[in-house]
Amino acid sequence: MRMSSTVTLWLMVLVAVSSAGRRGQCQEAERLKLKAAELTVLKGSEKDRFLAAHNAARKAVGVPPLAWSDELSAYALDSLAEQKDRLIEEAEEGWRERKIVLPDHRMESKYGENIAGWAAGNVGGGRMPTAERAVAWWLEEKKPFDKLNADGSFKYGDQGGKTETDAEGKEQPIIIGHYTAIVWKTTTHVGAAKLTFQLADDRGAVRTYVGIVCNYNPPGNFRGEKPF
């Protein structure tokens, strides 16, 4: 039986990743309050931009566009709903360390899946990126993919064991699975959902957290196969 791999991405806006503290200690010191929380499938112009970003990437490599799936969006929403309390709790625990929280992949899924998470504080009054920003981050993997596929022979899995040098000069594993999930030639449908919540402390600091789950059908990222 062929298995489709799933991939994970941490995304950051104005905050840094760190380890979490204890929830009770954090709440006692900071007096955190959950100001708002919303679970929703992507819809309206945000959905349109999210889908358009996928299809622009697919057009660039000559594969057919994806259609939006309400069924996949509902599936993604269910996953976020199951994780909502955990994600809020982890954000509370990691408040001091400015921890970003990330949805988990489903342990068993018949669909392909990309996930993302980010957070932003209220310093500077900047706008929170909307869901299509996650696609832009996933598509940053096109550059390392193109290097691996320079002669057109790349098959998924060939990236295993290969590394690249990051901006700090450190060797990091090459990750291209978010990009290949987007452009996989046999995938026909996509759907996504978003969790947004805000925490505030007693000093007026407000932090907004976003989690994205995006599902693909049929799934891609099959080891030993070409994406397109």
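## Helix packing and salt bridges

Helix 2 (residues 44-60) packs against helix 4 (residues 132-139) at an angle of about 20°, and their axes lie 8 Å apart. Angles under 35 degrees count as roughly parallel, so helix 2 is roughly parallel to helix 4. Their crossing is right-handed. This is a predicted model.

The contact can be read residue by residue. Helix 2 contributes E46, R49, F50, A53, H54 and A57. Helix 4 contributes E132, V135, W138 and L139. By type, the residues of this contact divide into six nonpolar, one polar and three charged.

Next, the charged pairs. Side chains of opposite charge can pair when their charged atoms come close. How many salt bridges does a search of the whole structure find? The search finds nine. Three of them are set out below, including R31 with D202.

| Salt bridge | Closest N and O atoms |
|---|---|
| R31 with D202 | 3.9 Å |
| E168 with K170 | 3.6 Å |
| R203 with D201 | 3.7 Å |

Take R31 and D202. Where do the two residues lie? R31 sits in the loop between helix 1 (23-30) and strand 2 (33-41). D202 sits in the loop between strand 7 (189-200) and strand 8 (206-217). The pair therefore ties together parts that are 171 residues apart in sequence. R31 counts as exposed because its relative accessibility is 61%, and exposed means over 50%. D202 has 44% relative accessibility, so D202 counts as partly exposed.

E168 and K170 form another salt bridge. E168 is at 64% relative accessibility and so counts as exposed. K170, at 47%, counts as partly exposed.

The third pair is R203 with D201. Is D201 buried or exposed? D201 is buried, because its relative accessible area is 10% and buried means under 20%. R203 counts as exposed, at 66% relative accessibility. This salt bridge thus joins an exposed arginine to a buried aspartate.

Some salt bridges share partners. Which residues do they join into one network? The network holds R86, E90, K99 and D104.

To recap, helix 2 and helix 4 run roughly parallel with a right-handed crossing. The salt bridge of R31 with D202 links two loops.

Technical notes. Residues numbered from 1 in each chain as written. Predicted model: local features only at pLDDT ≥ 70, side-chain atom pairs only at ≥ 80, totals over all residues. Heavy atoms only, no water. Axes fitted to C-alpha atoms, helices over the stretch in contact; angles between N-to-C directions. Helix = DSSP H or I, 4+ residues; strand = E, 2+ residues; numbered from the N terminus. Parallel < 35°, antiparallel > 145°, perpendicular 65-115°, else oblique. Left-handed = near helix turned anticlockwise from the far one by under 90°. Contact = heavy atoms within 4.5 Å. Nonpolar A, V, L, I, M, F, W, Y, C, P; charged D, E, K, R; others polar. Salt bridge = Lys/Arg side-chain N within 4 Å of Asp/Glu carboxyl O. Buried < 20%, exposed > 50% of the residue type's maximum accessible area, 1.4 Å probe, protein only.
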